Every structure is written in C-alpha cells, then in structure tokens.
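Biologist: I am new to this structure and would like a close look at a single part. Please take me slowly through chain A, from its unusual backbone spots to its sheets and its contacts.

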Amino acid sequence: MIKVQNLAKVFGTKRAVDDVSFSVGRGEVLGFLGPNGAGKSTTIRMITGFLPPSGGTATVGGFDIVEEPIQARRLIGYLPENAPAYTDMTVHGFLKFTAEIRGLRGDARKKAVSRVVEMCFLEAVLHQSVETLSKGFRHRTCFAQSIIHDPDVLVLDEPTDGLDPNQKHEVRQLIRRMGEKKAIIFSTHILEEVDAVCSRAIIIDRGKIVANGTPQELRQKSEWAGAVTLRVKGVASSAVTAKLYQVPLVKRVTVVDDKGGHVTVRAFPKSGANGALAQAIGEAAHDWQIEQLQAEEGRLDEVFRSITMPDTAKEVAQ
Amino acid sequence: MNSWRNVWTITKRELGAYFMSPLAYVFIVIFLLLCGFFTFFVGGFFERQEASLVRPFFDWHPWFYLFLVPAVGMRLWAEERRVGTIELLLTMPITAWQAIVGKFLASWLFLALALVLTFPVVITVNYLGDPDNGVILTAYLGSWLMAGAYLAISCITSALTRSQVVSFIISLVVCLFLILAGFPPVINVLQQLDAPRLVDMVTSFSVMTHFEGFQKGVLDSRDILFFLSVIGFSLFTTSVILRTHRAG
C-alpha cells in the first residue's frame with residue numbers, strides 16, 4: 001500500500017531525511033523508531049503530503065504523493081504529532097467537519113461520526129469544546145479524525161505520546177486490531193510498543209535507515225541474543241571465566257556479580273552459535289553447583305542503543 | 001463541482017469558528033458603534049441637511065477597515081500554524097487553493113454581515129429624506145470590495161507568521177500604505193515634484209481613489225478590477241507563502 005523510494009529532505013544544508021526506502025503492505029504494522037530528531041516526523045510528513053520531498057518518491061495505494069496528491073491523501077488517515085485539533089470547535093463539530101471534508105455526507109457522515117465516537121470512547125465529551133479537553137481526550141479526538149473515513153492506510157506520528165498507561169494500552173489494542181486490515185505506519189520512541197504492536201520495525205537515525213526487520217530479527221542483532229547467564233555457588237569467579245573461555249562457542253565472558261560465594265557470569269556467543277551455547281555451558285559446568293542457567297533473548301533497547309548511540313557519542317565528542 | 005463543495009465546507013467551519021469565540025460579537029458591536037458615532041457626530045450627518053450617506057458614512061470606511069479587517073483576518077492562518085492544525089488541514093484531500101479560498105470567503109462573508117447590520121443608517125436617511133438608493137447600494141458594494149482587498153492582504157500577513165499580533169500589525173501597515181497613496185496631503189506633496197505620471201501611478205494603487213467612484217454611484221470596471229486583482233494577487237501570494245513555508 002505504501003511504497004517509499006529514496007525519499008530525501010534537505011532543510012538548508014541539513015539532510016533531515018537521506019535516501020529512505022521501504023514499503024508497507026496491507027495487514028502490516030510498521031514501527032518507525034529512532035531518537036528524537038532522527039527524521040521520523042519529516043518522513044511521515046512527506047508521505048502524508050504536508051512536506052514536499054527534496055528527492056525520491058512515495059506512492060500510496062499506487063498514487064504518487066507529488067503527482068496525484070489528492071487521490072493519495074484520500075486513502076490516508078493521519079494523526080500528526082501532538083494531535084492538533086481546532087480548539088474553537090466542539091468534538092462533535094470537529095468530527096463532522098473532518099467527515100465532510102473527506103467527502104462523507106448525510107447519513108454516511110452520521111454513521112461515520114458515531115462509529116469513531118464509539119471506538120474512541122468520546123461520548124462523554126461529545127459536545128464539549130476541544131479547548132477544554134484533557135490531553136488524553138484531545139488525543140483520542142484527533143485519532144478519531146484519522147480513522148473517520150475508514151482509510152486503507154493509517155499514518156500515526158507518536159500516537160501514544162503523553163497518554164497515561166491505560167490509554168496507551170487502549171491505543172495499542174486499537175492499532176493492533178486495525179492493523180489486520182490496513183497498512184499502518186506509526187512512529188514512536190517507546191520500544192515496548194514495537195513488541196506490543198508491530199509486525200515490522202525500522203530504526204532511523206540521522207535521516208538514514210539503520211535497521212529494518214521484524215522485532216524478532218532486530219532482537220537477533222543484539223549482542224545479548226543467545227547469551228547465557230550462569231550462577232554457581234562455591235567457585236572462584238576466575239575459575240569460572242577460565243573454564244567458560246575454553247568452550248568453543250564462547251566469544252566473551254563478563255562477571256556480573258561475585259558476592260558471598262555466589263558467582264554470576266554472562267557468556268556471549270560467537271556468531272553462528274544459534275542457541276547451542278546454553279547446552280555447551282551446561283556441560284562445561286556440570287561438576288559445579290548450578291543455581292541458575294538462563295539463555296537470554298535479544299533486547300531491543302540494547303539494539304536500539306548500539307545502533308543509534310555511536311553517532312550521538314561522536315557528535316558529542318566533536 | 002466537488003472543489004466548491006470543499007471550499008464551502010471550509011467556509012462553514014471558519015464562519016462557525018468566528019461565532020464560537022467572542023471576537024465576532026465584539027467586532028460587530030465595535031464596527032456598528034464606530035459607524036454610528038462617526039456618521040452622526042463626527043461626520044455631521046444632521047448639519048449637512050442632505051439625504052446622502054456618501055460623506056458622513058462611507059468616507060470613514062477605509063479608516064475603520066484599517067483596524068478592523070486585519071483583526072478579522074489575523075487568525076486565518078496564524079492560528080492554524082500556532083495550534084498545528086495546518087498540518088491536518090493541508091493533508092486532507094483538498095488543494096491548498098480550496099483551503100485559501102474557503103477561509104477568505106468565510107471572513108469576507110463575515111464582513112458582509114457586519115456591513116448589512118449597518119442598515120439602520122439607510123433606514124434613517126430614507127425616513128428623513130429622499131436619497132438616491134442606487135448610489136447607496138453601489139457604495140456598499142464598493143465598501144465590501146475594499147474590505148475584501150484589505151482582507152486578502154491580511155491573509156498574506158497571517159500566513160507569514162504564527163503570531164496573530166504580528167500579522168495584525170504588518171497588515172495594518174500595508175493597508176495604511178494603500179490608503180495613504182491616495183490621501184490628499186500625500187498627493188499634494190507628490191504634485192510638488194512636478195511628475196504627473198508618478199502621481200497617477202501612486203494614486204492608482206490607492207483604495208481611496210478606487211473607492212471614490214463607488215461613492216459617487218459609478219460602477220467603473222477599472223475600479224472593480226482593481227479590488228478583484230488585489231484580492232487575486234494576495235491570495236496567490238498566500239498560496240506561494242504556504243508552499244514555501246512548508247518546503248522549509
């Protein structure tokens with residue numbers, strides 16, 4: 001549904017988005033990750049037609065965003081960052097207006113409005129002015145606006161930003177439910193969200209895509225993926241590390257904790273270990289008193305940091 | 001067909017927005033008070049002893065509009081920018097032109113309403129004497145066109161900034177130039193330069209010069225064209241500003 005090819009955006013001398021390509025199909029939920037200022041919002045604004053791209057193209061449902069912007073925008077539902085809404089309207093008036101501008105009239109409009117009001121739990125504030133709404137309600141009002149025409153493509157810029165945990169949960173559920181039939185892009189810097197909602201994730205840093213895959217695949221990139229944590233009793237930590245280094249699959253061993261006769265170490269696998277490390281270590285340690293032997297899953301936050309941090313660190317050093 | 005529907009949707013929303021805030025009522029009340037005060041006291045309506053609205057009533061309009069029209073137009077784009085709804089509006093399946101025209105029309109209709117509400121003045125003059133109502137109607141039309149020209153300029157300044165106050169001040173200054181270019185004291189100074197062409201050129205840019213004809217009851221196509229082209233040009237400039245601002 002969405003196809004982005006070599007998209008670029010230059011602000012003055014700064015390349016905010018640099019050669020970004022990806023595609024999202026129906027039934028996919030793409031998480032758009034990255035540190036603040038990485039170019040997430042700029043990319044999203046180009047896809048939704050708010051910013052003209054400096055280079056490259058994007059198509060939505062086969063319509064080019066520059067050549068046929070109106071047709072492309074018809075297919076998109078968009079929740080901008082910070083969920084703006086006309087403060088001088090009531091919630092009902094605002095939804096009616098957005099439905100009308102999406103081409104819904106008469107009965108179709110009434111139905112569309114009452115559908116999203118129900119979906120986003122807005123009955124209580126329906127005739128309240130947007131100005132007086134709490135942040136959560138204003139957010140949901142703007143979200144309701146984005147799904148009022150039941151779009152095929154949904155673009156959400158930080159949809160859970162500023163919501164309380166319950167509301168976050170609700171929004172995630174909603175996204176996951178709708179993701180079954182639509183193509184969804186949403187940006188976030190909250191990593192747990194990726195696991196909770198996405199079928200695929202892209203990490204973008206300084207305008208470039210630095211990782212692209214399912215949350216599972218991304219986790220595999222972590223040094224932690226397949227690492228083994230071992231806790232034994234009554235052995236010196238030096239003896240444990242020495243022994244573990246003899247295991248062929250082990251790349252590196254670190255001592256996590258060494259207190260009161262309990263030693264905890266973590267062994268990181270060489271590439272290609274494919275999860276066989278835990279067994280190998282179990283065998284190597286069979287004559288010790290093992291208190292814990294645990295294979296680690298990869299950790300997204302660690303992947304995220306390792307991919308995006310080096311650059312930031314360099315920048316600071318300069 | 002479809003595009004006019006979109007324009008009308010925007011216009012309806014904008015008009016609704018005016019009446020949701022106290023600004024609209026305050027504006028109308030101030031406008032009517034000013035009209036009444038200037039017509040009957042400062043303009044010397046009764047002392048003139050003639051059944052005409054040209055001098056006591058319409059003469060003041062360019063000056064009222066100088067303050068009131070930028071106040072009506074200042075929020076059009078500045079507010080969208082400040083709240084961020086501009087991102088919502090311009091990613092809807094409408095063209096920027098439809099949004100610009102829709103917003104402009106809403107404010108222009110609002111000004112028309114304010115003008116229509118001055119009808120007691122017309123009734124008064126008709127009760128007291130026997131005025132030429134054709135002239136009054138033409139002058140009303142001219143006044144409305146002039147308000148449209150001011151308003152279109154306010155659209156530009158509103159699109160330039162996210163601050164309504166800045167927009168108000170800039171458009172006030174620009175509109176002041178449009179008035180002064182045809183203001184007698186200014187013309188006198190220019191005439192001393194002994195360059196009749198220059199005088200003609202400068203005065204032809206003034207709303208005063210072009211409003212004059214309407215006040216006399218003359219519908220000159222050049223005058224109508226002047227106001228319409230100011231409106232067209234300003235709205236076009238607004239669209240350029242909106243586009244380049246987005247381009248960064």
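**A close look at chain A**

Modeller: Phe121(A) is partly exposed, with 14 other C-beta atoms within 10 Å (20 or more such atoms would make a residue buried, 12 or fewer exposed, and anything in between partly exposed, with C-beta atoms placed from the backbone). Before we go on, this is a predicted model, in which local features need pLDDT of at least 70 and side-chain atom pairs count only at pLDDT 80 or more, while totals for chains, interfaces and linings use all residues. Residues are numbered from 1 along each chain as its sequence is written, and chains are lettered from A and ligands numbered from 1 in the order in which they are written.

Phe121(A) lies in the loop between helix H4 (106–119) and helix H5 (135–146) of chain A (helices, H or I of at least four residues, and strands, E of at least two, are DSSP runs numbered from the N terminus). Its phi is positive, about 55°, although Phe121(A) is not a glycine. Most residues other than glycine have a negative phi. Asp19(A) also has a positive phi, near 55°, but Asp19(A) is found in strand E2 (residues 14–24) of chain A. With 14 C-beta neighbours inside 10 Å, Asp19(A) counts as partly exposed.

Now step back to the whole chain. Chain A is assigned domain 1 (2–220) and domain 2 (228–296), with bounds from an automatic or database domain assignment. The centres of these two domains, taken over C-alpha atoms, are 45 Å apart.

Let us turn to the sheets. One open sheet of chain A has 6 strands in the order E6-E7-E8-E3-E9-E10, with mixed pairing (two strands pair if DSSP finds at least two bridges between them). Strand E6 (76–79) and strand E10 (208–213) of chain A each have a single partner strand, so one side of each is left without a neighbour in the sheet. Strand E3 (residues 29–33) and strand E9 (residues 200–205) of chain A run parallel and are joined by 4 bridges; Leu30(A) has Arg200(A) as its bridge partner in E9(A). Helix H6 (residues 165–178) of chain A packs on this sheet, touching E3, strand E7 (153–157) and strand E8 (183–188) of chain A. The direction of H6 makes about 150° with that of E8(A) (axes are lines fitted to C-alpha atoms, for helices over the stretch in contact, and angles run from 0 to 180 degrees between N-to-C directions).

Another open sheet has 4 strands in the order E12-E13-E11-E14 (chain A), with antiparallel pairing. Its edge strands are strand E12 (250–259) and strand E14 (289–295) of chain A. E12(A) and strand E13 (residues 262–269) of chain A pair over 8 bridges, and Val250(A) has Pro269(A) as its bridge partner in E13(A). Helix H9 (residues 237–245) of chain A packs here, touching strand E11 (228–233), E12 and E13 of chain A, and its direction makes about 165° with that of E12(A).

Finally, the neighbour: 23 residues of chain A are in contact with 21 residues of chain B (contact means C-beta atoms, placed from the backbone, within 7 Å). On the side of chain A that touches chain B, helix H2 (69–75) and helix H3 (91–101) of chain A are the elements that give two or more residues. H3(A) provides the largest share, 4 residues.

Definitions and conventions:
Contact = placed C-beta atoms within 7 Å.
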